[in-house]
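Please open the structure in your viewer and keep the selection tool at hand. This tour moves from one selection to the next and says what is there at each stop.

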Number of protein chains: 2
Amino acid sequence: MAQNREKLEAAAQEMVQHKGMSGLSFRTLAAEVGIKSSSVHYHFPEKSDLGSALIQRYSSEFFAQLDVIAGRDDTLNAKIKSFIDIFEEVGRQNKLCLCGMMAAEYEQLSSSNRQLLCDYFDNTEKWLIKQLEAHKEDYESTSNRKVIARMIMSSLEGALLLDRIQGGARHIGAQRGVINQIVFGR
Amino acid sequence: MAQNREKLEAAAQEMVQHKGMSGLSFRTLAAEVGIKSSSVHYHFPEKSDLGSALIQRYSSEFFAQLDVIAGRDDTLNAKIKSFIDIFEEVGRQNKLCLCGMMAAEYEQLSSSNRQLLCDYFDNTEKWLIKQLEAHKEDYESTSNRKVIARMIMSSLEGALLLDRIQGGARHIGAQRGVINQIVFGR
DNA sequence: GTCTATAGGCAGATAGAC
DNA sequence: GTCTATCTGCCTATAGAC
């Protein structure tokens with residue numbers, strides 16, 4: 001079935017968001033989907049091919065969500081809230097952002113996967129800057145937009161990391177307050 | 001030599017801050033120090049024993065630095081700057097915080113190592129709260145101190161994660177500005 | 001596309017000599 | 001404390017049948 005490729009990607013994404021690429025084996029992935037590990041190699045010849053597929057899959061789903069948010073007739077405040085909500089939902093499932101997890105495994109990645117990972121963060125930063133620019137009237141920060149975009153993204157990645165080990169959403173909550181305070185001058 | 005234990009811990013810490021626990025093997029660690037892997041097992045029977053030793057070693061070094069900072073006759077501003085400097089130096093070496101790295105590998109850790117990791121973050125949070133309380137006169141934030149402490153820590157962990165993949169210290173820099181703005185009302 | 005079978009390597013861990 | 005030697009198991013990856 002050609003739809004096993006989709007099942008493999010979905011299962012692999014879930015596993016990587018929990019245990020990382022190095023915590024995922026072709027055998028356990030195959031078992032999860034109900035096929036053999038050699039069949040996984042049919043779809044993804046090398047593990048790095050699976051890695052590429054996962055980053056691309058995660059990115060395209062993520063940016064699709066951002067497109068929806070950007071397209072809404074909403075305030076900047078509501079858009080940023082929706083952005084943070086995406087991360088909060090990931091944390092609620094005791095997962096990390098797939099790209100955040102792979103960022104921790106950066107030294108193990110192939111150079112093309114490193115590039116895909118950088119693109120994910122660059123494009124997220126660009127999206128944030130664009131929203132901040134599109135709502136000049138609401139933007140109250142004295143800092144420039146690049147700095148704000150970077151702080152939002154790294155805050156949320158760090159918050160996911162720490163919330164998972166302590167349970168709950170305390171760090172995400174703290175960052176939510178701070179981001180509002182910085183962007184809107186409270 | 002009893003000092004091989006120290007060499008092993010130092011080499012292992014370095015490797016884990018780059019590649020994580022799962023990227024470290026007894027064989028490569030042994031080779032780094034110039035002994036055999038079976039000799040590593042003499043010092044650390046299981047890999048989780050090495051993990052415990054590393055978290056404890058990293059924590060005690062870290063909190064020793066915090067003790068020095070707390071003991072200085074400095075402003076809150078200077079203390080927070082020194083705190084951030086510790087993280088910036090880690091990033092300058094293209095490493096992650098050891099505990100941040102192991103937080104990403106949380107699901108692979110033994111339960112006692114999970115506890116040690118939690119302690120590291122709890123105690124850091126407590127230290128930050130204590131400093132904020134000790135300098136009531138400088139503290140300008142409307143948020144409560146727990147929230148501020150959490151946001152500082154998760155901001156810096158996330159900044160290290162993202163700065164490493166892009167090179168430079170842009171995220172740490174962005175967080176430095178934001179932390180000042182939040183704590184001191186700029 | 002999926003299977004069985006297997007190669008070849010590296011992992012953590014142990015036994016026992018020195 | 002460190003060594004050699006080895007066990008057992010898992011890993012990625014491939015060959016070839018169906």
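A polar contact, as the word is used on this tour, is a pair of N or O atoms within 3.5 Å. With that cut-off in mind, select Lys47(A) and DNA strand D, where a backbone N or O atom of Lys47(A) lies 2.9 Å from a phosphate oxygen of the strand. Keep in mind throughout that the model you are looking at is predicted.

**Around DNA strand D**

Stay with DNA strand D and add Leu24(A), whose backbone has a polar atom 3.4 Å from a phosphate oxygen of the strand. Then move to chain B and select Ser38(B), where an N or O atom of the side chain is 2.7 Å from a base oxygen of DNA strand D. If you now select everything around this strand, you will find 18 residues, and the closest of them are Arg27(A), Asn4(B), Lys36(B), Ser38(B) and His43(B). Of the atoms of DNA strand D that come within 4 Å of the protein, 54% belong to sugar or phosphate, while the rest belong to bases.

Which helices should you colour here, as suppliers of at least two residues each to the surface near DNA strand D? They are α2 (26–33) and α3 of chain A, together with α3 of chain B, and α3(B) gives the most, with four residues. Sorted by class, this surface has seven nonpolar, seven polar and four charged residues.

**Around DNA strand C**

Next, select DNA strand C, which is surrounded by 18 residues, the closest being Asn4(A), Lys36(A), Ser38(A), Ser39(A) and His43(A). Sugar and phosphate make up 57% of the atoms of this strand that come within 4 Å of the protein.

Zoom in on Ser38(A), where an N or O atom of the side chain is 2.8 Å from a base oxygen of DNA strand C. Two residues of chain B are worth selecting as well: a polar side-chain atom of Ser25(B) lies 3.2 Å from a phosphate oxygen of the strand, and a polar side-chain atom of Arg27(B) lies 3.2 Å from a base nitrogen.

Three helices each supply at least two residues of the surface near DNA strand C, namely α3 (37–43) of chain A and, from chain B, α2 (26–33) and α3 (37–43). The most comes from α3(A), with four residues, and by class the surface near this strand has seven nonpolar, seven polar and four charged residues.

**The two chains together**

Now hide the DNA and show chains A and B. A turn of 180°, with a shift of 0.0 Å along the axis, lays chain B on chain A with an RMSD of 0.0 Å, and that is the relation of a two-fold axis. The contact residues of chain B recur in chain A to 100%, so the same surface serves both copies. To find the axis on screen, select Gly158(B), which comes closest to it of the residues of chain B, with its C-alpha at 1.9 Å.

**Salt bridges**

Side chains of opposite charge can pair when their charged atoms come close. Over all chains the structure holds 20 salt bridges, and three of them make good stops.

Begin with Arg176(A) and Asp85(A), which form a salt bridge with their closest N and O atoms 2.8 Å apart. This pair links distant parts of the chain, since Arg176(A) is in helix α9 (residues 170–184) and Asp85(A) is in helix α5 (residues 76–92), 91 residues apart. Is each partner buried or exposed? Arg176(A) is buried, with a relative accessible area of 18%, whereas Asp85(A), at 28%, counts as partly exposed.

Go on to chain B and select Lys81(B) and Asp85(B), a salt bridge in which the closest N and O atoms are 2.8 Å apart. Both residues lie in helix α5 (residues 76–92) of chain B, four residues apart, which is about one turn of the helix. Lys81(B) is partly exposed, with a relative accessible area of 44%, and Asp85(B) counts as partly exposed at 29%.

For the last pair, select Arg150(B) and Glu125(B), whose closest N and O atoms are 3.5 Å apart in their salt bridge. Here Arg150(B) belongs to helix α8 (residues 145–166) and Glu125(B) to helix α7 (residues 111–134), 25 residues apart. Arg150(B) counts as buried at 10% relative accessibility, and Glu125(B) counts as buried at 11%.

Note on methods: Residues are numbered from 1 along each chain as its sequence is written. Chains are lettered from A and ligands numbered from 1 in the order in which they are written. This is a predicted model: local features need pLDDT of at least 70, side-chain atom pairs count only at pLDDT 80 or more; totals for chains, interfaces and linings use all residues. Side-chain values use heavy atoms; hydrogens and water are left out. A residue is near a molecule or strand if one of its heavy atoms lies within 4 Å of it. A polar contact is a pair of N or O atoms within 3.5 Å; within protein, one must be able to donate a hydrogen and the other to accept it, and residues adjacent in sequence count only if both atoms are side-chain atoms. Ala, Val, Leu, Ile, Met, Phe, Trp, Tyr, Cys and Pro count as nonpolar, Asp, Glu, Lys and Arg as charged, and the others, Gly among them, as polar. Copies are superposed by least squares on the C-alpha atoms of residues with pLDDT of at least 70 in both. Contact means heavy atoms within 4.5 Å. A salt bridge is a side-chain nitrogen of Lys or Arg within 4 Å of a carboxyl oxygen of Asp or Glu. Buried means under 20% relative accessible area, exposed over 50%, partly exposed in between (1.4 Å probe, protein chains only).
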